[in-house]
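Q: I would like a close look at one part of this model. Please start from a single side chain and work outward to its surroundings.
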Amino acid sequence: MILSSSQLRALKERNDEELRKGKHGKYGYPAHTIQDLLQTIEAMKKEKKKWKQLAQERGKVLHDVLTLTLKAAPATSDPDDEL
């Protein structure tokens, strides 16, 4: 099940209320377990953002390398010249 940001926010608010109640909370998963899960989700979002940025930078560098390679390579391609 994939949760939207508003669902995650609602879950966090409800969990915070359960933590404030202390040991008199309702049935279900322990509030600390849910809190750990929410922290893990936030950490994964940050990692995803970091890797996405890294992939974009890598794409730009590869494009630059391709551009430089095409500029440095001769315009004609003779199969005998490659060997």
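What is the relative accessibility of K12, and what does K12 count as? Please then take me through the second largest pocket, which K12 helps to line.

A: K12 has a relative accessibility of 45% and counts as partly exposed. The reason is the cut-offs: buried means under 20% and exposed means over 50%, so 45% falls in between. Keep in mind that this is a predicted model.

First, the setting. The protein has 83 residues, and 7% of them count as buried. It contains 3 helices and 0 strands. Along the sequence the pattern reads α-α-α. The protein exposes about 8,100 Å². Carbon and sulfur atoms supply 59% of that area.

Now the pocket. The second largest pocket holds about 190 Å³ of space. Two elements each give two or more residues to its lining: α1 (5-21) and α2 (31-72). Helix α1 gives the largest share, with 5 residues. L8, R9, K12, N15 and D16 are the lining residues that fall within 5-21. Q35, L38, Q39 and E42 also line the pocket, and their numbers fall within 31-72, the span of α2.

By class, the lining has 2 nonpolar, 3 polar and 4 charged residues. L8 and L38 are the nonpolar pair. N15, Q35 and Q39 are the polar ones. R9, K12, D16 and E42 carry the charged label.

Next, the partner of K12. K12 forms a salt bridge with D16. Their closest N and O atoms are 3.3 Å apart. Both residues lie in helix α1. They are 4 residues apart, about one turn of the helix. D16 is partly exposed too, with a relative accessible area of 24%. That value is not under 20%, so D16 does not count as buried. Both partners also belong to the pocket lining.

N15 is the residue just before D16 in the numbering, and it gives a contrast. N15 is found in helix α1 and lines the pocket. Its relative accessible area is 4%, so N15 is buried. Leaving aside residues up to four places away in sequence, N15 touches A31, I34 and Q35. Those contacts link α1 to residues within 31-72, the span of α2. One of them, Q35, is itself a lining residue.

Now cross to the α2 side. E42 lines the pocket and forms a salt bridge with K45. The closest N and O atoms of E42 and K45 are 3.6 Å apart. Both lie in helix α2, 3 residues apart, about one turn of the helix. E42 has a relative accessible area of 40% and is partly exposed. K45 counts as partly exposed as well, at 38% relative accessibility. K45 is not among the residues that line the pocket.

How do these pairs fit the whole? A search of the entire structure finds 3 salt bridges. The remaining one joins the side chains of E47 and K50, at 3.4 Å from N to O. E47 and K50 are 3 residues apart in helix α2, so about one helical turn separates them. E47 is partly exposed at 39%, and K50 is partly exposed at 45%. Neither E47 nor K50 lines the second largest pocket.

To return to the start: K12 is partly exposed, pairs with D16 and helps to line the pocket.

Methods:
Residues are numbered from 1 along each chain as its sequence is written. This is a predicted model: local features need pLDDT of at least 70, side-chain atom pairs count only at pLDDT 80 or more; totals for chains, interfaces and linings use all residues. Side-chain values use heavy atoms; hydrogens and water are left out. Buried means under 20% relative accessible area, exposed over 50%, partly exposed in between (1.4 Å probe, protein chains only). Accessible areas come from the Shrake-Rupley method with a 1.4 Å probe; for residues, only the protein chains shown count as cover. On a 1 Å grid over the protein atoms alone, a cavity is a set of points where a 1.4 Å probe fits but cannot get out, and a pocket is an open set with protein on both sides within 12 Å along at least five of seven lines; lining residues have an atom within 4 Å of a point. Grid points are joined across faces, edges and corners, and a volume is the space filled by probe spheres set on the points. A salt bridge is a side-chain nitrogen of Lys or Arg within 4 Å of a carboxyl oxygen of Asp or Glu. Contact means heavy atoms within 4.5 Å.
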